[in-house]
Amino acid sequence: MASGVISLVCAPSNMQGSTRRAGAMTDVHRRFLQLLMTHGVLEEWEVRRLQNHCYQVHDRNATVDKLEDFINNINSVLESLYIEIKKGVTEDDGRPIYALVNLATTSVSKMATDFAENELDLFRKALELIVDSETGFASSTNILNLVDQLKGKKMRKKEAEQVLQKFVQSKWLIEKEGEFTLHGRAILEMEQFIRESYPDSVKMCNICHGLLIQGQSCETCGIRMHLPCVAKYFQSIPEPHCPHCNDYWPHDIPEVYNPEKEREAGISKSSRKSLRTRQH
């Protein structure tokens, strides 16, 4: 993937605001793509900020395209390379995210340029534990207990702990209280691979029909739902019942993600921090 995208990013372009056309990459698009490659995955608010930054650098007098149109334009060029900027949501709270996804190969092979053979094998074993689990999490203890089975160079448990943190920093895994689950980036990029590799273990959401790692399940019929799907499905229903068997849904219903509410909370938090700084 890298060589094809790099050639697109580095190719010269004299196209500016008034001469943009669908299916053509301007310097704005190229810089955006280059920076998205660097980050791997970004939340929607970060993507919008990145888009505005690229316009400011290369075409500050142009009207900023709608984000959907802007990304569709890039994807029309990337299509021949079997690459796509894909949108998804985080499984825990439904925040929109974007990642550059390789449609031609699995993400494990994509990771090969950043990790050694034994490190990739550690990721595969963590992935298998996560997919097989009922909760969508694998404990660090269970992952580290498989270190002796890794391919390639031998790895001590202390080294394996450091590698797991590398996966977290690279946004392939998320760690919560000593347990690991897949980052939204990994789900976006590896969904097809997971479906094909673990057909007997894979779980699907009853609402959106997408791959499910974390979620809630009906205690009667066993269907599963992403937390964001649970939030949206039951948001206006006072007595939640399973959409499949109609039995009572016994779990807490999460809140629907509200970007404005989160933005206000962020501003409030920033203001409180600023106030504390002034007080000291």
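**Notebook: strand β3 and a nonpolar patch**

I began at one end of the pairing and found that Ile 83 stands opposite Asn 102 in β3. I note at the outset that I am working from a predicted model, and I keep that in mind for every entry below.

I then looked up how the strands around β3 are joined, and found that strand β2 (residues 83-89) runs antiparallel to β3, with 7 bridges between them. In the hairpin that these two strands form, 6 residues lie between the strands, and Gly 94 takes a positive phi near 80°. On checking strand β1 (residues 41-43), I saw that β1 also pairs with β3 in the antiparallel sense, over 3 bridges, and that Glu 43 has Ile 97 of β3 as its bridge partner.

Next I asked how many of the residues of strand β3 are buried. I counted 7 of the 7 in residues 96-102, so the strand is largely enclosed by the rest of the structure. In a regular strand the side chains alternate between the two faces of the sheet, and I therefore looked at each face separately. On one side of β3, Pro 96, Tyr 98, Leu 100 and Asn 102 are buried, and on the other Ile 97, Ala 99 and Val 101 are buried as well, which leaves both faces covered.

Finally I turned to the surface, where Ile 207, Tyr 233 and Ile 237 make a nonpolar patch of about 210 Å². I placed Ile 207 in the loop between β7 (203-204) and β8 (211-212), and I recorded Ile 207 as partly exposed because its relative accessible area is 30%, with buried meaning under 20% and exposed over 50%.

Note on methods. Residues are numbered from 1 along each chain as its sequence is written. This is a predicted model: local features need pLDDT of at least 70, side-chain atom pairs count only at pLDDT 80 or more; totals for chains, interfaces and linings use all residues. Side-chain values use heavy atoms; hydrogens and water are left out. Patches are made of residues with over 30% relative accessible area and no salt bridge: like charges are joined within 9 Å, nonpolar side chains (Val, Leu, Ile, Met, Phe, Trp, Tyr) within 5 Å. Accessible areas come from the Shrake-Rupley method with a 1.4 Å probe; for residues, only the protein chains shown count as cover. A salt bridge is a side-chain nitrogen of Lys or Arg within 4 Å of a carboxyl oxygen of Asp or Glu. Helices (H or I, at least four residues) and strands (E, at least two) are DSSP runs, numbered from the N terminus. Buried means under 20% relative accessible area, exposed over 50%, partly exposed in between (1.4 Å probe, protein chains only). Two strands pair if DSSP finds at least two bridges between them.
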